[in-house]
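Colleague: I am new to this one. Please show it to me, and I will ask how each label was reached.

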Amino acid sequence: MGCGSCSTGGGCSPAGCKSNGSCLTNGCSKLDVYDWLSHMDMPTNYKPFPVIEVKFKGSRKEFFVNTDNIYLEAGELVAVEATTGGYDIGHVSLTGELVRMQMVKRHVKEADVVKKIYRKATIADVDKWKAAKDMEWETMHKSRKLALDLNLSMKLSDVDYQGDKTKATFYYTAEGRVDFRELIKKMAETFRIRIEMRQIGMRQEASRLGGIGSCGRELCCSTWLTDFKTVSTSAARYQNLSLNTLKLAGQCGKLKCCLNYELDTYMDALKYIPDNVNVLRTEKGDARLQKTDIFKKIMWFSYPREESWVPLPISKVKEIQQQNKEGIIPADLGELVEVETQPAKVLDYENVVGQDSLTRLDERRNNNKKKNNNNRNRNKDRKPGSPAPDNRGGNQANQPRQQGAAPSADKPAPQQNPDAPKAPQANRPPQQQANRPPQTPGDKPAQENRNRNNRRRPNRPNKNNNNPPPDSKSE
């Protein structure tokens, strides 16, 4: 879903939207809720739930009463009643029975919802709302300059204009209380609007601004996380993580919220890990605990002045611990491990996808390079005036020599024993060689073929005939 205020042009995404989740088409809204009851048929006498959930810039969501029973769908822009007068523009995020469940989740009673929905946003309302949103960037920078002139220890992180452009809410972070009364006076004179200041925490600031975390994904606080629970360093200790603040801190400078995601699983697994087993006494010496694999239930121990670690299952660690309490000292941890160690299971790998080796193209390219190098070296060693070798068949050194071909100049022809039986020809089937009648010396066509082959190398002995070649004058 695209919009005019999106920097990507073709589509809208939370990472690239300049409106920070306030696009006109609601295409990149944060903290969306899927209405799984939208396609279900309601009973005949069903009366729609009158409360509507409306979402504004950032992660702010509020409930409003639909007193006029206006038909609204998720994503539509509506004009709603503001807290301090006037009206505001927001997106409809949820309707129907799911709003009742959201109110129960947030501990909001239906009687406490008093603000109303005025109407669907008109073209004039949308134009005025867009003009107010365009002023936020410039207003924030001017207010930061005013705060610096007054030497206030605060950081203005975001500005949110009301839909009717009569009020602006400034969100800031500070370590303590800040006296900004003089700042409000100067901002009211500069911008000619009503000013509201709200102090937020570091996590809320990261939620409003958004960003990419160290995991490569968008921040959880700016996409789906609604409540920020406290994160302590004990969560990192339980998960055997190094207490490095650079790795454990998020974009907000605090500990990452994702440290609490798997904490319950680790706490359940730690129930089976024995406590106070930092040292195991043996005859060889005191073995100290170096590492614990919580899910595999294996603990590594090492002896002093030794680099190798000895892995022990939890059952064996408990047994040695109980022996030490009773005064029994085992001989060595290594001997105990050798008895119970089982060979690793060899998994048969099957190429289910049918994909070849990733280096198959490299091997083929290397073979082609070797062939080209061999041909290049052969051409260098060739004498001038001699015919060029035929490289169409690849490397000729690996191919069998055909019948009747002359022996190469590099290697002399092997001497044949006239008494030895002749080998059958390689290019003919054995059956044809057996049925072929023997050639007589007076056979003219066969003799002419031999003479034609021997004419290339007149000084070489004939491979197929032991007799010397006839003189050309006698022919």
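What follows is a short exchange on a sheet and a surface patch in this predicted model.

Colleague: What makes β6 and β7 count as paired strands?

Modeller: Pairing needs at least two bridges between two strands. Six bridges join β6 to β7, and these strands run antiparallel, with L156 opposite Y172 in β7. The two strands form a hairpin with five residues between them, and K165 in the turn has a positive phi of about 65°.

Colleague: Why is the pairing of the sheet called mixed?

Modeller: The order is β6-β7-β8. β6 and β7 run antiparallel, whereas β7 (residues 167-173) and β8 pair in the parallel sense over six bridges. In the second pair, K167 has R194 in β8 as its bridge partner.

Colleague: Why are β6 and β8 said to stand at the edges?

Modeller: β6 (155-161) and β8 (194-199) each have a single partner strand, so one side of each has no neighbour in the sheet.

Colleague: What makes β6 largely enclosed by the rest of the structure?

Modeller: Buried means under 20% relative accessible area. Six of the seven residues of β6 are buried, so the strand is largely enclosed. Helix α3 (residues 136-149) packs on the sheet and touches β6 and β7.

Colleague: Why is M101 called partly exposed?

Modeller: The class lies between under 20% (buried) and over 50% (exposed). M101 has 49% relative accessibility, so it counts as partly exposed.

Colleague: Where does M101 lie, and which patch includes M101?

Modeller: M101 lies in helix α1 (residues 97-105). With Y34, W36 and M40, M101 forms a nonpolar surface patch of about 520 Å² accessible area together.

Technical notes
Residues are numbered from 1 along each chain as its sequence is written. This is a predicted model: local features need pLDDT of at least 70, side-chain atom pairs count only at pLDDT 80 or more; totals for chains, interfaces and linings use all residues. Side-chain values use heavy atoms; hydrogens and water are left out. Helices (H or I, at least four residues) and strands (E, at least two) are DSSP runs, numbered from the N terminus. Contact means heavy atoms within 4.5 Å. Axes are lines fitted to C-alpha atoms, for helices over the stretch in contact, and angles run from 0 to 180 degrees between N-to-C directions. Patches are made of residues with over 30% relative accessible area and no salt bridge: like charges are joined within 9 Å, nonpolar side chains (Val, Leu, Ile, Met, Phe, Trp, Tyr) within 5 Å. Accessible areas come from the Shrake-Rupley method with a 1.4 Å probe; for residues, only the protein chains shown count as cover. A salt bridge is a side-chain nitrogen of Lys or Arg within 4 Å of a carboxyl oxygen of Asp or Glu. Buried means under 20% relative accessible area, exposed over 50%, partly exposed in between (1.4 Å probe, protein chains only).
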